[in-house]
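The exercises below ask you to read helix packing, burial and backbone geometry from a model, and each is followed by a solution worked step by step. Please have the coordinates open while you go through them.

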Amino acid sequence: MDESLKAEWESFDERRLIEAARRRFVAAWRWTIARRAETLCVVLLLLMSANLLAATARKTITVDEIVLIPAAYYHFVAGNFQLVHEHPPLCKIVAGLPLLFVQPHEMSRAEAEAFSSAITDPHARKWVYQDHFWNSNRADFERIAYWPRVAMVAFTVALGVLLFAFARDLFGARAAVLAVLLYSIEPTVLAHGRVVQTDIPAAFGYLFVCFMLLRYLRAPTWRRAAYLGAACGVALLSKFSMLIIAPSLLAVFAVLLWRAARCEGTKPTALVRHAAVTVLVTLLFIHAAYYFHSRALTGEDLRWMASSFPERAVAVEWSVRVLSYVLPTDFVLGVFWQLWHGGEGHPAGLLGMYSHTGWWYYFPVAFALKTTLPFLLLSLAALAWGIHRTIRKREGRFLILLLPFIIYTIFVLMSPINIGVRYYLPAYMFLFILGGALLDAAPRLGGRARLLGAALSIVLVGWMCVETLRVYPHYMTYMNQLAAARPHWWYLSDSNVEWGDDVKELAAYLRARGETRVRGAFLGGFMTLRHYGVEYIDFLPPAGPDIPPTRYYAVGASYLNGSTVPGRVINGRGQTDVERVNTLDAYRRRAPEAVFGGSIYLFREDE
């Protein structure tokens, strides 16, 4: 080929490639502009996940994850559902999946059989099996602790996608983006979005049920009834408190049947079939999570029922046996464990008070203290706006948000377990959607109100962003300016102020000063601290033996509060409850040398 023709051909080919690339770029840009809401949602959730992953790398596992992560692994590899069966398995399934690729060391069959036969106390088994798991994988502690939490971050992002879809369906794309923005910068969500626990899954399950119910009510078909059943299955596998959806859905179908019976040409039998499909799909999901295995009751199960429900043991045993024909045995036992736990109560602190059975106003107070002030104000305004639009304007779309919010709020107000605002997370989702809708509506007001609404929206969102950046990565212990007068442990207890995830920072501080042991009274340290090269010496041993001296004492915020301090026998006499909660009162009045994450206070003893 002539050189000039060859050069012209190559130039033509290059121009063609450039033009094709330009066209692809223009098409991609137009697609992005056409779907700018989805693009913004993706950007916000990517930024949120980057924040959560960075915080995960800095924090160690919480005290609950000490048992839940091994239980998640054994759920997969051994089909052992009895470990931590007081929680349904959704969070264990999500968190355990990455461990199949990490491949931790596991017990041999002989070790597992010896382990099961040697330990009859289920509470003791819960701690012994985790101790065996973590000690067998000491070299891979960080990797095994990290990847399950990454899976939970992915689940938190999935919840953000569901939130976007629900908000867009009700109020449009812009309101949906604003709802996701509120979600992605709220400290309580950021605190628990990386934790292997049931709280984020419960928020997902509850919102999923409401979304699928809305779609079913708009166009009742057997397919949408099946989707509703799938959502119910996910919710019931997330947290046993989600059983509240059963009477709620029963009431919905009862109303639909009543209306169908009053309308000519409507066949109530179709609704009955839809209800049956919903129930069957729900049961299918639950059984699938337990590998379609429902074991027989053991002697240990019977002893637990007899000791936990002494006055109703026969009725409880009969109920468990009957329900086990419909649901997996470990699922049923988990439900009864929660009923027992609710009857027993749990030590908790609130505003300098202590109780085993909680306070009806606990969650409103905890919410008011643990969320940012701008989101608190926005939530109150959004609720008032939603109620106004429902009553005055007859806008039914607000009802699908307000009713689930009110039902869940009433439910938690009656709960005797007051150990964390995280239990209220399912209700947050409806506040995010209402808040996003209000922020979207504010700039569209008429006259001067439009400018004022836009300015207030910018101020509120900006304030939330500042608060989120200010406390990074210590979202677990966050409290707003309403809690500025006293230490945070005075206001609330347990996972609100301490959950054991600041051990890594404490260990680094001690090692930098040449310390290899510390006397401690804080959550999780008995197991996690040794993995960072520091020996944990129990500050409050049960029998009260002589404690070897150490240079430093580490006390958790919840121990300063007193609610998590275990009762002890001193000089042959058991402590009263007042003595127990004031065991560490001397340290409440001392200035710590350092505070880690707002949860662990380090005191240096004089030589």
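Helix 8 and helix 9 are roughly antiparallel to each other, and this pair, taken from a predicted model, is the starting point for the first exercise.

**Exercise 1. Work out how helix 8 and helix 9 are arranged, and which residues make their contact.**

Solution. Begin with the geometry: the axes of helix 8 and helix 9 come within 7 Å and cross at roughly 150°. Angles over 145 degrees count as roughly antiparallel, and the pair is therefore placed in that class. Next, take the handedness, for which helix 8 passes helix 9 in a right-handed crossing. The contact itself is made on the helix 8 side by Thr 156, Leu 159, Gly 160, Leu 163, Phe 164, Ala 167, Arg 168 and Phe 171, and on the helix 9 side by Ala 173, Ala 175, Ala 176, Val 177, Ala 179, Val 180 and Tyr 183. Sorted by class, these are 12 nonpolar, two polar and one charged residues.

**Exercise 2. Determine how helix 8 is oriented towards helix 21, and describe the residues where they meet.**

Solution. The axes of helix 8 (residues 141–171) and helix 21 (residues 425–441) come within 10 Å, and they cross at roughly 50°. That angle makes helix 8 oblique to helix 21, and the crossing is right-handed. From helix 8, Leu 159, Leu 163, Phe 166, Ala 167 and Phe 171 take part, and they meet Met 429, Phe 432, Ile 433, Ala 437 and Asp 440 of helix 21. The class count for this contact is nine nonpolar, no polar and one charged residues.

**Exercise 3. Classify the packing of helix 15 and helix 17 by angle and by handedness.**

Solution. Helix 15 (residues 299–308) packs with helix 17 (residues 329–344) at an angle of about 25°, and their axes are 11 Å apart. Angles under 35 degrees count as roughly parallel, and helix 15 and helix 17 are therefore described in that way. Their crossing is left-handed. In the contact, Asp 301, Trp 304 and Ser 308 of helix 15 meet Leu 333, Phe 336, Trp 337 and Trp 340 of helix 17, which gives five nonpolar, one polar and one charged residues.

**Exercise 4. Check the length of helix 3 against the expected span, and decide whether the helix is largely enclosed or open.**

Solution. At 1.5 Å a residue, the 13 residues of helix 3 (residues 65–77) should span 18 Å, and the end C-alpha atoms are 18 Å apart, so the two values agree. For burial, the cut-off is under 20% relative accessible area. By this criterion 11 of the 13 residues are buried, so helix 3 is largely enclosed by the rest of the structure. Among the buried residues are Glu 65, Pro 70, Tyr 73, Tyr 74 and His 75. After the helix comes Gly 79, whose phi is positive, near 60°.

**Exercise 5. Find which elements the buried residues of helix 18 pack against.**

Solution. Helix 18 (residues 362–370) is mostly covered, with seven of its nine residues buried; these include Tyr 362, Phe 363, Phe 367 and Lys 370. The buried residues pack against helix 10 (187–192), strand 1 (348–350), helix 19, helix 20, helix 21 and helix 23.

**Exercise 6. Compare the surroundings of Arg 394 and Asp 494: which is buried and which is exposed?**

Solution. Most residues other than glycine have a negative phi, and most peptide bonds are trans. Arg 394, however, has a positive phi near 60°, and phi of Asp 494 is likewise positive, near 60°. Arg 394 lies in the loop between helix 19 (373–391) and helix 20 (396–413), and with a relative accessible area of 70% Arg 394 is exposed. Asp 494 lies in the loop between helix 23 and helix 24 (503–512), and with a relative accessible area of 9% Asp 494 is buried. A further backbone feature is the cis peptide bond from Tyr 472 to Pro 473, with omega near -5°; Pro 473 is placed in the loop between helix 22 (448–471) and helix 23 (488–491).

**Exercise 7. Describe the environment of Ile 185.**

Solution. Ile 185 lies in the loop between helix 9 (173–184) and helix 10, and is buried, with a relative accessible area of 10%. Leaving aside residues up to four places away in sequence, Ile 185 touches Leu 190, Val 461, Met 464, Cys 465 and Thr 468. The C-alpha atoms of Ile 185 and Thr 372 are separated by 9.8 Å, although these residues are 187 residues apart along the chain.

Notes
Residues numbered from 1 in each chain as written. Predicted model: local features only at pLDDT ≥ 70, side-chain atom pairs only at ≥ 80, totals over all residues. Heavy atoms only, no water. Helix = DSSP H or I, 4+ residues; strand = E, 2+ residues; numbered from the N terminus. Expected span 1.5 Å × (residues − 1). Buried < 20%, exposed > 50% of the residue type's maximum accessible area, 1.4 Å probe, protein only. Axes fitted to C-alpha atoms, helices over the stretch in contact; angles between N-to-C directions. Parallel < 35°, antiparallel > 145°, perpendicular 65-115°, else oblique. Left-handed = near helix turned anticlockwise from the far one by under 90°. Contact = heavy atoms within 4.5 Å. Nonpolar A, V, L, I, M, F, W, Y, C, P; charged D, E, K, R; others polar.
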